[in-house]
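Biologist: Hello! I am new to this structure and would love a close look at a single part of it. Could you take me through one helix and its surroundings, step by step?

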Amino acid sequence: MINYKLLFAFSCCISVFCYSQQNYENRAMYIDNFATILSSNSLEEELLNFSKEHKINTLILYDLNKINKRFHLGDSTKNHLLANFIRKAKTDYGIKKISASGESGSFFLEAIHPYNISRKNPLERFDSYNLEYEYWNEKESLKDGYYCNTYLKKAQLPCDRRSSFKYFIESLFVMKTLAKELDDNIEIEAYIGNFNNEEVAKISEHVDRLLIHDYVKDINRNFIYIKERLHLLDKIDSKIDISILYSSEMNFMGKWFADHKLHEAETKFFKELEKNEISLENHLNFDGFTYYNYGYLNYVKQMHKKNR
């Protein structure tokens with residue numbers, strides 16, 4: 001006679017195990033203060049060893065605009081510092097992908113893409129172009145807001161959410177067009193917080209991956225908090241990859257990460273997913289987890305070591 005309770009328990013264990021293995025294969029981290037880290041052997045080694053220890057295999061680099069002011073990223077006679085770091089990360093530390101983060105299509109056109117073209121060795125190139133422009137942050141898109149003053153006025157667009165979203169989509173279009181120029185299968189990804197059905201449908205036409213923020217303080221809410229946005233993706237029958245983005249800031253999950261491993265949060269998410277919305281698991285393309293950011297995560301992990 002078949003013991004169905006035992007069979008069910010076994011299948012759940014297998015499911016959690018499979019997700020655990022999958023998540024280890026797709027774990028990304030934003031790298032803050034990269035302009036300071038680059039060219040410092042000790043800081044580079046600290047970052048790469050930390051990534052290896054925590055099975056992080058994708059690095060999303062901030063501060064490239066600052067580095068571009070130090071030397072033009074497209075200048076192959078000067079960008080060897082960045083090229084050396086990217087090659088070293090991939091060949092010596094198990095990093096599979098390096099992603100370049102920027103706020104506008106023009107930055108990718110003027111700096112990031114010229115860098116990729118200038119490097120003949122594919123191991124020295126960026127694998128993904130990452131857009132971080134919070135069009136949903138209405139305050140920053142309105143008069144005197146950061147996006148209004150920095151981008152919308154220069155593009156002769158009104159300072160409102162609708163125009164900010166238009167700017168976001170235009171940036172993705174530019175990035176996608178640039179990516180097609182190279183034969184490296186460069187992926188387009190975007191960080192996204194809040195969105196509606198119409199917006200995410202348009203965004204999905206231009207990206208390969210979405211990094212959807214799941215900024216909670218209580219680990220038990222990590223699925224509930226993001227559930228409605230996942231349903232919007234399901235509603236449009238989205239086929240793009242989805243990475244769940246956790247924050248290790250202290251006002252979010254920083255304190256929790258001080259005492260728990262990354263895979264515990266990942267496994268917890270999928271347990272809640274299976275318990276509450278098993279259909280989403282089958283319909284959407286979950287592609288691991290992303291962590292914001294290196295500085296915060298390194299701090300809480302060091303704090304844990306001191307308190308042991």
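Modeller: Happy to; here is a short walk from the whole chain to one helix and its neighbours. Please keep in mind that this is a predicted model.

Let us begin with the setting. The protein chain has 15 helices and eight strands. Its radius of gyration is 20 Å, close to the 19 Å that the globule rule gives for 308 residues, so the chain is as compact as a globular protein of that length. Along the principal axes, the C-alpha atoms fill a box of roughly 70 × 45 × 40 Å. Of the 308 residues, 52% are buried. Among contacts with a separation of 6 or more, 73% join residues 24 or more positions apart.

Now for the helix itself: find α9, which covers residues 161-179. One of its neighbours is α10, residues 197-204. The two axes come within 10 Å and cross at roughly 15°. Angles under 35 degrees count as roughly parallel, and α9 and α10 are therefore roughly parallel to each other. The crossing in which α9 passes α10 is right-handed. From α9, the residues Arg161, Phe165, Phe168, Ile169 and Leu172 take part, and they meet Glu199, Lys202 and Ile203 of α10. Sorted by kind, the residues of this contact are five nonpolar, no polar and three charged.

Next, look for α6, residues 105-118. The axes of α6 and α9 come within 7 Å, crossing at roughly 30°. That angle makes α6 roughly parallel to α9. On the α6 side the contact uses Gly105, Ser106, Phe108, Leu109 and His113, while α9 brings Tyr167, Ser171, Val174, Met175, Leu178 and Ala179. The residues of this contact divide into seven nonpolar, four polar and no charged.

One last stop is Leu73, a residue in the loop between α4 (64-70) and α5 (80-92). Leu73 has a relative accessible area of 0% and is buried. Leu73 and Pro114 are 41 residues apart in sequence, yet 7.0 Å apart in space from C-alpha to C-alpha. Leaving aside residues up to four places away in sequence, Leu73 touches Leu64, Ile67, Asn68, Asn79, Leu82, Ala111, Ile112, Tyr115 and Ser118.

To retrace the walk, α9 is roughly parallel to α10, and α6 is roughly parallel to α9.

Methods:
Residues are numbered from 1 along each chain as its sequence is written. This is a predicted model: local features need pLDDT of at least 70, side-chain atom pairs count only at pLDDT 80 or more; totals for chains, interfaces and linings use all residues. Side-chain values use heavy atoms; hydrogens and water are left out. Axes are lines fitted to C-alpha atoms, for helices over the stretch in contact, and angles run from 0 to 180 degrees between N-to-C directions. Helices (H or I, at least four residues) and strands (E, at least two) are DSSP runs, numbered from the N terminus. Angles under 35 degrees count as roughly parallel, over 145 as roughly antiparallel, 65 to 115 as roughly perpendicular and the rest as oblique. A crossing is left-handed if the near helix is turned anticlockwise from the far one by less than a right angle, and right-handed if clockwise. Contact means heavy atoms within 4.5 Å. Ala, Val, Leu, Ile, Met, Phe, Trp, Tyr, Cys and Pro count as nonpolar, Asp, Glu, Lys and Arg as charged, and the others, Gly among them, as polar. The radius of gyration is taken over C-alpha atoms; the globule rule is 2.2 Å times the number of residues to the power 0.38. Buried means under 20% relative accessible area, exposed over 50%, partly exposed in between (1.4 Å probe, protein chains only).
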